[in-house]
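Trainee: I am new to this structure and would be grateful for a close look at a single part of it. Could you please take one strand and describe what surrounds it?

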Amino acid sequence: QVQLVESGGGLVQAGGSLRLSCAASGSIFSINTMGWYRQAPGKQRELVAHITSGATTTYADSVKGRFTIARDNGRNTVTLQMNSLKPEDTAVYYCNADQITYYDGRNLRSGYNYWGQGTQVTVSS
């Protein structure tokens, strides 16, 4: 069983900072691209940032210069450092992995499009 679990959400005032973490659990061999998405009330889920296995990053224009995504392949984690938070950043944030290769007994298998359960980020004015 391979799962993603997010942590680090909470309530913060505008201008403050939060750091979100996502850990993949299970007998993991490798993870391809990992990313953070968010969904605000009444809106569709959108990409915030993603990072490839080679550490190439991509950011939504709305968060460039404020958010930083990073990963630790040894720990199978991805983080999102969020600075200068704005009320419009309020959303449920979800961790994603597009492909995870894992051990099933002695065999390697791959699963696709994993999602965490989400963590709430609320930014007050």
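Mentor: The following account is centred on strand β10 and its pairings. Please keep in mind that this is a predicted model.

Strand β10 covers residues 91-104 and pairs with β5 in the antiparallel sense over six bridges. Within this pairing, W36 stands opposite C95 in β10, and R38 has Y93 as its bridge partner. Strand β4, made of residues 28-31, also pairs with β10, again in the antiparallel sense, over three bridges. Here I28 has Y102 of β10 as its bridge partner.

Two further strands join β10. Eight bridges link β10 to β11, and the two run antiparallel. D104 stands opposite N107 in β11. These strands form a hairpin with two residues between them, where G105 takes a positive phi near 65 degrees. Strand β12, residues 119-124, is joined to β10 by three bridges and runs antiparallel to it; V92 stands opposite Q120 in β12.

Beyond β10, strand β5 (residues 34-39) pairs in the antiparallel sense with β6 (residues 46-51) over five bridges. Y37 has L47 in β6 as its bridge partner. β5 and β6 form a hairpin as well, with six residues between them, and G42 in the turn has a positive phi of about 75 degrees.

Finally, the surface deserves attention. F29, Y103 and L108 form a nonpolar patch there, with about 310 Å² of accessible area together. L108 belongs to strand β11, residues 107-115. L108 counts as partly exposed because its relative accessibility is 45%, and the partly exposed range lies between 20% and 50%.

How values were computed. Residues numbered from 1 in each chain as written. Predicted model: local features only at pLDDT ≥ 70, side-chain atom pairs only at ≥ 80, totals over all residues. Heavy atoms only, no water. Pairing = 2+ DSSP bridges. Helix = DSSP H or I, 4+ residues; strand = E, 2+ residues; numbered from the N terminus. Patch = residues over 30% accessible without salt bridge, like charges linked within 9 Å, V, L, I, M, F, W, Y side chains within 5 Å. Areas by Shrake-Rupley, 256 points an atom, 1.4 Å probe, with all protein chains shown as cover. Salt bridge = Lys/Arg side-chain N within 4 Å of Asp/Glu carboxyl O. Buried < 20%, exposed > 50% of the residue type's maximum accessible area, 1.4 Å probe, protein only.
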